[in-house]
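Student: I would like a close look at one part of this model. Please take me through the metal site, then through what surrounds it in the account.

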Amino acid sequence: MSSEWCQNKKCPEKKNQNQIRGSKGAKYYQSNKASTYIGYWCSNGCRDSWWNQNKDTCIQAVGFIDKQVLPLDDAWYVEYRYDYRENEQDRYHLRNILKGVDQPITKQQAQTPEQQAKEYGHWYTIDDTEAKELAITLGLAS
Ligand SMILES: [Zn+2]
């Protein structure tokens with residue numbers, strides 16, 4: 001889904017020079033084109049304005065959800081910690097604070113082969129699902 005024009009009804013009210021159209025005596029301001037980067041609006045300002053006008057309609061369309069929880073067994077993640085004193089191998093940790101686990105792991109365990117191949121990509125780590133799988137592999141979880 002996309003739209004050619006900025007979806008903020010008040011876009012012409014910005015009265016920018018580039019929004020002027022028409023001939024002398026019959027000039028007017030028009031909406032900007034939607035930005036391909038932002039999506040449906042010409043700018044973050046117009047997106048904020050649209051959101052303020054339409055948030056209640058949006059939340060009703062999506063539906064309200066109840067409180068969400070992340071249980072102990074799903075709370076695994078890998079953290080990269082920069083510390084100039086430590087060598088490369090001591091910078092990756094498999095963590096689950098809810099379980100009290102903070103286990104040093106190797107770069108090979110912390111990253112996918114694609115991440116390891118990236119230049120200057122040492123801070124990339126596997127996602128939380130992969131972190132949980134690693135915890136099971138290492139016998140820290142079941
Ligand atoms: Zn706009």
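Student: Which residues coordinate the zinc ion, and at what distances?

Tutor: One caution before the details: this is a predicted model.

Four cysteines hold the metal. Cys6, Cys11, Cys42 and Cys46 each coordinate the zinc ion through SG, at 2.3 to 2.4 Å. The angles among the four donor atoms run from 103 to 116°. Tetrahedral sites need all angles between 85 and 135 degrees, so this site is tetrahedral. Along the sequence, the donor spacing reads C-x4-C-x30-C-x3-C.

Now take accessibility at two of the donors. Cys46 has a relative accessible area of 1% and is buried. Cys42 comes to 19%. The limit for buried is under 20%, so Cys42 counts as buried too.

Next to Cys42 in number is Trp41, so turn to the aromatic rings. Trp41 is buried, at 9% relative accessibility. Tyr40 is partly exposed, with a relative accessible area of 34%. A pair of aromatic rings is described by the distance of the centres and the angle of the planes. The model has four aromatic pairs. One of them joins Tyr40 and Trp41, with 5.4 Å centre to centre and 90° between the planes. Planes over 60 degrees apart count as edge-to-face, so this pair is edge-to-face. Tyr40 and Trp41 also belong to one aromatic cluster with Trp50.

Two lysines sit over rings. Lys33 lies over the face of Trp5, 5.3 Å from the ring centre. Lys118 does the same kind of thing with Tyr124: it lies over the ring face, at 4.6 Å from the centre.

Tyr124 leads to helix H3. This helix covers residues 113–117 and includes Gln115. Gln115 has a relative accessible area of 13% and is buried. Leaving aside residues up to four places away in sequence, Gln115 touches Ala110, Gly121, Tyr124, Thr125 and Ile126. Tyr124 therefore appears twice: under Lys118, and among the contacts of Gln115, which rest on heavy atoms within 4.5 Å.

Then the backbone. Most residues other than glycine have a negative phi, and most peptide bonds are trans. Two residues go against the phi trend. Tyr120 has a positive phi near 55° and is not a glycine. Tyr120 is in the loop between H3 and helix H4 (128–137). Its relative accessibility is 61%, so Tyr120 counts as exposed. Lys15 also has a positive phi, about 55°, without being a glycine. Lys15 lies in the segment before strand S1 (20–21). At 52% relative accessibility, Lys15 is exposed, since the limit is over 50%.

A glycine with positive phi turns up in a hairpin. Strand S4 (residues 92–96) and strand S5 (residues 101–105) run antiparallel and are joined by five bridges. His93 has Pro104 in S5 as its bridge partner. Four residues lie between the strands of this hairpin, and Gly100 takes a positive phi near 75°.

Back to the metal to finish. The zinc ion has four cysteine SG donors in a tetrahedral arrangement. Of those donors, Cys42 and Cys46 are both buried.

Key:
Residues numbered from 1 in each chain as written. Predicted model: local features only at pLDDT ≥ 70, side-chain atom pairs only at ≥ 80, totals over all residues. Heavy atoms only, no water. Phe/Tyr/Trp six-rings, centres within 6.5 Å; stacked < 30°, edge-to-face > 60°. Buried < 20%, exposed > 50% of the residue type's maximum accessible area, 1.4 Å probe, protein only. Lys NZ or Arg CZ within 6 Å of the ring centre and 35° of its normal. Donors = N, O, S within 2.8 Å, 3.2 Å for Na, K, Ca; no water. Tetrahedral: all angles 85-135°; square planar, octahedral: opposite > 155°, others 65-115°. Pairing = 2+ DSSP bridges. Helix = DSSP H or I, 4+ residues; strand = E, 2+ residues; numbered from the N terminus.
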